[in-house]
Structures are given as structure tokens and as C-alpha cells.
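Q: Please walk me through this structure one feature at a time, with the general idea before each case.

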Amino acid sequence: MAQINAGNVGRLREAWVYHMKPADGSGGTRLVTTETVPLVVGDTMFVSTPYGRVVALDSATGKEKWNVTLPDNERPAVRGVAYWAGGKGARPSVIVGTRQGRVLSFDAATGKLAADFGTSGFIDLKTADVMPTGMDKPYVLAATPFVYKDLIITGGGSPDQAAALGPLGDVRAWDVRTGKLVWQFHTVPRPGEVGNDTWGGESWKNRAGANVWGYFSADPARGILYMPVGAPNNDRMGIDRPGDNLFGSSIVAVNAATGKYIWHFQVTHHDIWDWDAAPAPMLFDVKKDGRVIPALGTVNKNSLLFILDRRTGKPIHGVEERPAPPSNVPGEITSPTQPWPVKPEPLAQTSLSRDNLYKDTPEHKAWCEALVDDNNMKLGATPYQPIMLDQYTVNLPGTQGGVNYYGGAFDPRLGLFVVNVNNLAQPMRMVKMPDGSYANSGPLAGTRRFWNPENHLPCGPTPWGQLVAVNVNTGEIAWRSTLGVTDILPEGKQATGRPGLGGAITTASGLTFVGATDDARFRAFETATGKEVWTYRLRGSASATPVTYQGGDGRQYVAVMATGGGQVGAALTTDELVVFSLAR
């Protein structure tokens, strides 16, 4: 829709607010953050809440049409629900994944469980074949289930930083009507399968991790499913898994109907940095040398955007294998090279040194220098600096990214891929444990960002948050805009950018909407230029990707979860879904 544009965006007002926390206290007494993206179909908005409920709302008014509490005190997967339009006599349904590893199907009109789906409306993803180390291990469905035609496609597996061996990250497809298994893809290849030779010895066996915990995407015209696979466990240490470890940290293309392998592209070899490949590959066309190339863009936490031919996986603007430093941890054999796109340049900062530590206020400059010196930190000149043994190692980007699960947005008229990035590092340190193994451990290791924990002022170079646009036809950066302000700094020094979580969307009228930042602002930018044209102060930071839609009344709305909280440490202040429209 194009009702909201650069000329009138200043007239946006809150149209309605939905409070997710049940008034009767049934969802618990404490506030809970959420990264949920509302799903709008027709005049109905479907929302999964962190309080164990799924609700259907009138998209123009916020009035509840139905609500349902998930059985057995389960919690929905953190980022939303899926929708199946029905057919052949079957009614439309809302597909909900849970943090306990189940998939439920609800009648979209009534909220009642679909009795013919699985066992009384649900399927249990914890089957014996993906639980090789015992059914008692946790199995998490972090990704929103993906509906392709009459299939429900699920990722899932062990939680982040769980044991190296355990629940498998296999991708599976289920019949949307019955819940029966249709196909299964081994994200860690078995003997005889493509990629098994990238695992030394039998290190592939029962390997946890290497799961899709972000978003799938698909090309219906070609029948291809694109799977962004995360790092294998343990994602900070790979002594027990020599080799490049396919399909860890890779984009894998398969036949969406059968799960048959087509191609792969690994974005990080032998991933020991938790770089993953979580965002949904973005599909678009590239115009180059007089041709129109069906393409996809994939960007991960290390902030490198690879633009590939989505039919073959071949790079369009070039990829180079560049030397990467070795590890000093005994037995850790890192890849001698890592892939870098020739174009575009890295979207976030990828080098940290004493020279580019924060310097803009003398007090924080001194604090950061003391942090580095007092802890003998090694500052990484490359994102592929391995975690050092007995020494804190600080790389840019950190494990937050770069770019996290939310990925970017695309404006097809302008040919611009737009994404918000973090320039936020995180200290790591490898330590030998009493049992002889090695682990990321220490008072600063993986427990806090590279910042002052008292005020959340990062120690790396500004901008700490940025909105970036890439011309996909040329691979060049079109523009960069600072994203976020630091309110506690002196006037004139506040335009630092801020870390964030949650993505951007583009509109047909040429606007880009984005929340994400921990400064509790919701913003609109001109997509063509990167000029900030509207800013709104929320009651909680929007750690989620917004949506825009046409309500049943014909008006355009923009909605975003704005609870605060989340992985960048924003204050957790509300339970609000906030919806905007133009003032009448």
C-alpha cells in the first residue's frame, strides 16, 4: 500500500494498542519480551504472545475475535505464526510452533484445534530419529513454521550453546492436513550424502546444532526451498569436529516438494564464532550485463552480504577465499580461508583496534581503554580472529551481529536491499576446563557485550547502529544512515547510533520503517536516500520487525511489537503491540 508516504508520514498516530499480558494473570505476573511479527490475512491479525496465547484481532480496531491458551503450559515459538489458506474442503488454519518442540494447527476462523491434524490437533517434533542421545533432552522450535503449498516445514533442534551431541537439526516437511511426515533433510550429512566428507572421522554422528532457527524462504515458480542453517554445536569450539562442517552456516537449496538437495553455499567454514546463517534468504532479481538474474541475498552475523543466483548458488558479484588466522587452542584446526564477497563491502564494521575505540567523550574513552588494558584484550583485525586461549578476544561484529535473524528488506523499484546493522562487539576467552576440554569461559566471556554494563555505552567505534542500503544490481553501497541516539550523552554527541534487534520493512510509497534500537524509537526513512523523515518515542523498544497492511476499513496501518527487553539489554517495560495509522 502507498497511503503513507514521505509527505504525510508525520501525521502518523497510534490507532490502537493491544496488551498481550492477560488481565486475569493467567500468563504469569512478570513482563516478557517478544520478537513476534504479526501476521495479517484479510481483515484479521494473528499474533502469538509470550504469555502462552495465540490471538486473532480485527486488524483495524484491535478487537479480539478469538484467543486460545496453548495446552500444557507451552509457549509459542518466539517470532510468529504461519497461515494455510485451506482447500479441497479443508478450512484455513493457523500453524503455531512451540518452544517445547510441537506444532499445533488451529481453525483460523474459530481458534479451535484442527482435530484431524496429527494427534488431536498437534504433532510432536521430538521423534526418536532426531533425539539420538535421549528423549529427555530439550528440543526447541525457535523458527516460525513455514507453509509451502500443502506442507508445513520446520527447523528446530537443540537450544543455543547446548551440548555438542544431542537433538539433530534436520529440516522436515509435514502434510498440513494430517501432520504426517513427507520428507526429511539431514542438515549434517550422513555417509554417502553430499557434504559428509567435510566432517573428520565420525564427528558428524549425533551432531547437534546445524539447524534452521531463523526463517525459511521459497521460490514457488521454481519449487525451491532455501534453508539458512546455523552453526554446529559447540559453536565456539570445533576441536571435536575437524573440517568445514557442511551444512553448518550455509544456505541450502532443496526441492520444496521432496527435500532433495539442489545446491549449497557455505558462508562460514568450520564456524567457531556463532556466525550462523539465520535470516531468510531474500529473493529478488538482479539486472546485470543486459540480463535479469533470479537472485537471492544472504547476510549473517558477520555482516557479509552474498548475492547469489538462486537457481545455482553461484555468486553474481564475485566471492574470494581470503586467508584467515589460525587458532592457538591445541587441537583447533580452523579453515585457512574464509569466503568474502567482492561486492558489496561489509555492511558493518569488521575490524577493531586500539585506534578505533570510542573517543568522543573523555570519561567513556578512558573507561574503554582501561577495560582493554586491564584485561589484556586482543582486538580482532578480522571477524575471523579465533577465540584465543587464556586471553579475551574481541571481534567486530560480535555474536549479536552484524545482522541477526531478522535480515533485510527489499525495494524492487529501486533495486535496494535495506538492512539495519549493529557495530557491537563481545569479549570471548577459551579456557581449558578441569576435564581437559576447552570452553568459552570467564567473567566477561559471552556474558556481556563490549560496553560499560552500567550505562550500555559500547567501546567500539560509532555508529553503534546503522541503516544500510545496497544496490543489488551493482553491489555498491547506496547509502548509510545512523540509526539511533544515545540520550545520556551530552547534546551534540548523541547521534551515535544504537544497537538493536528486529528488522526493517520497505513500502510501495518509498518508505522504510524500522524500530529495533534500544532507544525506544520507531522511525521512517526515505528508501531512496536514507533520510530520516519520522521518529516516534515508544513506551518500550521495538525488538521486532514491523508489518504494514490494509485494514478492513481500507486504511493503511503499520504495526510493531514494542515491549522492550531482548538480547541488546533494552529495558523491559511493556506488553504492547502498537499500531499506527494516519490521523483522520
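**Reading backbone, sheet, core and cavity**

A: Let's start with a single residue: Asp276 is buried, at a relative accessible area of 4%. Here buried means under 20% relative accessible area, exposed over 50%, and partly exposed in between, with a 1.4 Å probe and protein chains only. Before going on, note that this is a predicted model, in which local features need pLDDT of at least 70, side-chain atom pairs count only at pLDDT 80 or more, and totals for chains, interfaces and linings use all residues. Residues are numbered from 1 along each chain as its sequence is written, and side-chain values use heavy atoms, leaving out hydrogens and water.

Q: What is the phi of Asp276, and where does this residue lie?

A: The general idea first: most residues other than glycine have a negative phi, and most peptide bonds are trans. Asp276 has a positive phi of about 55° although it is not a glycine. Its place is the loop between strand E17 (261-266) and strand E18 (282-288). Strands (E, at least two residues) and helices (H or I, at least four) are DSSP runs, numbered from the N terminus.

Q: Is Lys149 buried or exposed?

A: Lys149 is exposed, with a relative accessible area of 58%. Lys149 also has a positive phi, near 50°, and it sits in the loop between strand E10 (146-148) and strand E11 (151-154).

Q: Which residues does a cis peptide bond join?

A: One such bond joins Lys343 and Pro344, with omega about 0°. Pro344 belongs to the loop between strand E22 (337-341) and helix H1 (362-374). The bond from Asn233 to Asn234 is cis too, with omega near -10°, and Asn234 is in the loop between strand E15 (224-229) and strand E16 (250-255).

Q: On to strand pairing. In which sense do E18 and E19 pair, and over how many bridges?

A: Two strands pair if DSSP finds at least two bridges between them. E18 and E19 do this in the antiparallel sense, over seven bridges; for example, Met282 has Gly297 in E19 as its bridge partner. The two strands form a hairpin with two residues between them, and Asp289 in the turn has a positive phi of about 55°.

Q: What does E19 form with E20?

A: Another hairpin, with five residues between the strands; Ser303 in the turn has a positive phi of about 75°. E19 and E20 (residues 305-309) are antiparallel, with five bridges, and Val299 stands opposite Leu305 in E20. E19 itself (residues 291-299) is mostly covered, as seven of its nine residues are buried.

Q: How many residues are in the largest nonpolar core, and which touch the most other members?

A: In soluble globular proteins, nonpolar side chains tend to be buried together. A nonpolar core is a set of buried Ala, Val, Leu, Ile, Met, Phe, Trp, Tyr and Cys residues joined through side-chain atoms within 4.5 Å. The largest core has 26 residues, and Phe284, Val286, Ile307, Leu347 and Phe417 touch the most other members. Two or more residues come from each of E18, E19, E20, strand E26 (416-422) and strand E32 (465-471). Apart from this core lies another, of 23 residues, including Tyr148, Ala173, Val252 and Ala256.

Q: With which residues is Tyr148 in contact?

A: Contact means heavy atoms within 4.5 Å. Leaving aside neighbours within four places in sequence, Tyr148 is in contact with Ile153, Ala218, Pro220, Gly223 and Ala256. Tyr148 is in strand E10 and counts as buried, at 7% relative accessibility.

Q: How many cavities of 30 Å³ or more does the structure hold?

A: Rolling a probe the size of a water molecule over the atoms shows where empty space is left. On a 1 Å grid over the protein atoms alone, a cavity is a set of points where a 1.4 Å probe fits but cannot get out, and lining residues have an atom within 4 Å of a point. Points are joined across faces, edges and corners, and a volume is the space filled by probe spheres set on them. There are three cavities of 30 Å³ or more, and the largest has a volume of about 120 Å³.

Q: Which residues lie nearest the centre of the largest cavity?

A: Of its 14 lining residues, Trp273, Asn395, Thr399, Gln426 and Met428 lie nearest the centre. Strand E24 gives the most to this lining, with three residues.

Note on methods: 1 Å grid on protein atoms, 1.4 Å probe; cavity = no way out; pocket = protein on both sides within 12 Å on 5 of 7 lines; lining within 4 Å.
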